[in-house]
Amino acid sequence: MKKLLLSVLVATAFGAQAGETTVDAFMFHEVMPEGDAVKARYYFNDRYMRVDEGSDTADFALFDREEGAFYSVVHSSKSVTVIQPNDYDLKPYGPLESVIAERPEKDIPQVAGQSMKKYQTFVNGALCETVYAAEAFPRANAVFKDYKSLMAQHQKTVYEGTPPEFQNDCMSSALVFYPTLALSKGFPVFYERSQGEKRQLMDYKLNLSVDDSVFQLPEGYRVFNLEEIPDF
């Protein structure tokens, strides 16, 4: 199996702070389909998910579970792009038989004192995703599910205009029609898509105290609704 090691980060990665809220914090190493690698810090509490590069002052993405809205903040342009919930209904062009199956494997390490299990998702019989999931982080997993559901609902507006010959069954299932399938067995400590995308947990801290300003949008920034931005 691939190594699933939880390494020790430098102290500044999560920045121990005195604050007004507690979060579950995760540092991931992520590889994009085109091969670019980045580090991504995730903060979760019961309402919010924040994603950034490891700094409180960096550009960040924010999901508000209560409002069901997603915000992308770019400081250089002083702008906030918003994705809001919608009731857009759409059916796939063809059948998408999507299933998740456990793949027993020996010597999978524990995380947070609990065991992990290996799963794979299949769409129309083809392998799409490999996931090592842990049940140790239910709060993060619940918020992440809601986030994935919102993004899938938004993706339906894009999917409708995509010709069938440019669609991919794995991506259609994971991003549009069955977005929480890979999360149905627990929080993904390791995740890999057949298209090359990977996400590996490097470190985590539960009930970390942070300043609640990390979940606040900056004042005075221009706000754009992504679905209302005109084409140029």
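Strands here are DSSP runs of at least two residues, numbered from the N terminus. The model is predicted. Residue numbers start from 1 along the chain.

**Stop 1: the loop between E8 and E9**

Select strand E8 (116-123) and strand E9 (126-134), then look at the loop between them, where asparagine 124 is found. Check the backbone of asparagine 124: phi is positive, about 50°, although the residue is not a glycine. Most residues other than glycine have a negative phi. Now show the surface. Is asparagine 124 buried or exposed? Neither label fits: asparagine 124 is partly exposed, because its relative accessible area is 34% and that class lies between the 20% and 50% cut-offs.

**Stop 2: strand E11**

Move to strand E11, residues 198-210, and pick out asparagine 207. Asparagine 207 also has a positive phi, near 55°, and is not a glycine. How much of asparagine 207 is accessible? Its relative accessible area is 56%, so asparagine 207 counts as exposed.

**Stop 3: strand E4**

Select residues 60-64, which form strand E4. How many of its residues are buried? The count is 5 of 5. Turn the strand to view each face. Phe60, Leu62 and Asp64 lie on one side, with Ala61 and Phe63 on the other, and both faces are covered.

Next, add the partners of E4. Strand E3 (residues 48-52) runs antiparallel to E4, joined by 4 bridges. Zoom in on arginine 50, whose bridge partner in E4 is leucine 62. Then add strand E5 (residues 69-74), which is also antiparallel to E4 and is joined to it by 5 bridges. Here phenylalanine 60 stands opposite valine 73 of E5.

Follow the chain from E4 into E5. The hairpin has 4 residues between the strands. Select glycine 68 there: its phi is positive, near 70°.

**Stop 4: the largest pocket**

Finish with the open space. Rolling a probe the size of a water molecule over the atoms shows where empty space is left. The largest pocket has a volume of about 890 Å³. Which residues are closest to its centre? Select Tyr42, Tyr147, Lys148, Glu197 and Arg199; they come from a lining of 40 residues.

Color that lining by residue class. You should find 25 nonpolar, 4 polar and 11 charged residues. Last, select helix H1, residues 138-159. Helix H1 gives the most to the lining of the largest pocket, with 6 residues.

Methods: Predicted model: local features only at pLDDT ≥ 70, side-chain atom pairs only at ≥ 80, totals over all residues. Heavy atoms only, no water. 1 Å grid on protein atoms, 1.4 Å probe; cavity = no way out; pocket = protein on both sides within 12 Å on 5 of 7 lines; lining within 4 Å. Points joined across faces, edges and corners; volume = space filled by probe spheres on them. Nonpolar A, V, L, I, M, F, W, Y, C, P; charged D, E, K, R; others polar. Buried < 20%, exposed > 50% of the residue type's maximum accessible area, 1.4 Å probe, protein only. Pairing = 2+ DSSP bridges.
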